Amino acid sequence: MRVTRQIRIEDVVRARERYTEHKKIKTKKKDINILDTLNTEQLEAVKSGKKNNILVASAGTGKTSTIIGKVVSLLSNGRKPSEIILLTFTSKAGVEMLERLNLYFSKDTVSEIFAGTFHSY
């Protein structure tokens, strides 16, 4: 992931505190704040107000965690699950994203989200 502008760490810390202050999300097991698990670049991607998002990064950089954070954020802010489309290059990645979302939401909610390959959409 790359940042297109210089960011000061103090600004990031303040922004994270403001953004996460009231974003506790009720899950099946307990209250958690998924955003606390993300790094600065991941949090920037989650906070992006753009309608469509593309994440391009190398293996092991947390793309799936970032996407899950974005979906959790969207759903907790009133977005309908049926309005969310997660496109991947492999079916396995789509299944993994849905499995991770099942940790936070009911199967009924997750079943309304499309997750699959570009070719299957």
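Of the contacts in this chain between residues at least 6 apart in sequence, 61% join residues at least 24 apart, a contact being heavy atoms within 4.5 Å. What I am presenting is a predicted model, in which local features need pLDDT of at least 70 and side-chain atom pairs count only at pLDDT 80 or more, while totals for chains, interfaces and linings use all residues. Residues are numbered from 1 along each chain as its sequence is written, and side-chain values use heavy atoms, with hydrogens and water left out.

Let me begin with the overall layout. The chain contains five helices and four strands. Helices here are DSSP runs of H or I with at least four residues, strands are E runs of at least two, and both are numbered from the N terminus. Along the sequence their order is α-β-β-α-α-β-α-α-β. The chain has 121 residues, and 31% of them are buried. By buried I mean under 20% relative accessible area; exposed is over 50%, and partly exposed lies in between, with a 1.4 Å probe and protein chains only.

I turn now to helices H2 and H3. Two packed helices are described by the angle between their axes and the distance between the axes. For H2, residues 40-47, and H3, the angle is about 35° and the axes are 9 Å apart. Axes are lines fitted to C-alpha atoms, for helices over the stretch in contact, and angles run from 0 to 180 degrees between N-to-C directions. H2 contributes Gln42, Ala45, Val46 and Lys47 to the contact, and H3 contributes Ser65, Thr66, Gly69, Lys70 and Ser73. The crossing of H2 past H3 is right-handed; that is, the near helix is turned clockwise from the far one by less than a right angle, whereas anticlockwise would be left-handed.

One residue of that contact deserves a closer look. Lys70 belongs to helix H3, which spans residues 63-76. What is the nearest side chain of opposite charge to Lys70? It is Glu44, 11 Å away, and Lys70 is buried yet has no salt bridge. For charge, Lys and Arg count as positive and Asp and Glu as negative, with His and the chain ends not counted. A salt bridge requires a side-chain nitrogen of Lys or Arg within 4 Å of a carboxyl oxygen of Asp or Glu.

The side chain of Lys70 does reach backbone oxygens. That of Val46 is at 3.1 Å, and that of Ser48 lies 2.4 Å from a polar atom of the Lys70 side chain. Leaving aside residues up to four places away in sequence, Lys70 touches Ala45, Val46, Lys47, Ser48 and Asn53.

Next, the charged pairs. Side chains of opposite charge can pair when their charged atoms come close. How many salt bridges are there by this rule? The count is two. In one of them, Arg100 pairs with Glu96, with the closest N and O atoms 2.7 Å apart. Because these two residues are four apart in helix H4, about one helical turn separates Arg100 from Glu96. Arg100 is partly exposed at 27% relative accessible area, and Glu96 is partly exposed at 30%. Glu83 forms a salt bridge with Arg79, where the closest N and O atoms are 3.7 Å apart. Glu83 is partly exposed at 46% relative accessibility, as is Arg79 at 39%.

Finally, I consider several residues further along the chain. Ile113 sits in the loop between helix H5, residues 107-111, and strand E4, residues 114-117. Is Ile113 buried or exposed? Its relative accessibility is 5%, so Ile113 counts as buried. Outside the four nearest sequence places on either side, Ile113 touches Val71, Leu75, Pro81, Ile84, Leu86, Leu98 and Leu101. Leu101 is twelve residues from Ile113 in sequence, with a C-alpha to C-alpha distance of 9.7 Å.

Leu98, in helix H4, is partly exposed at 22% relative accessibility. With the same sequence exclusion, Leu98 touches Val110, Ile113 and Ala115. Phe105 lies in the loop between helix H4, residues 91-101, and H5, and is buried at 13% relative accessible area. The C-alpha atoms of Phe105 and Val72 are 8.7 Å apart, across 33 residues of chain.

Thr88 is in strand E3, residues 85-88, and is buried at 8% relative accessible area. Beyond four places in sequence, Thr88 touches Ala93, Gly94, Met97, Gly116, Thr117 and Phe118.

How values were computed. A polar contact is a pair of N or O atoms within 3.5 Å; within protein, one must be able to donate a hydrogen and the other to accept it, and residues adjacent in sequence count only if both atoms are side-chain atoms.
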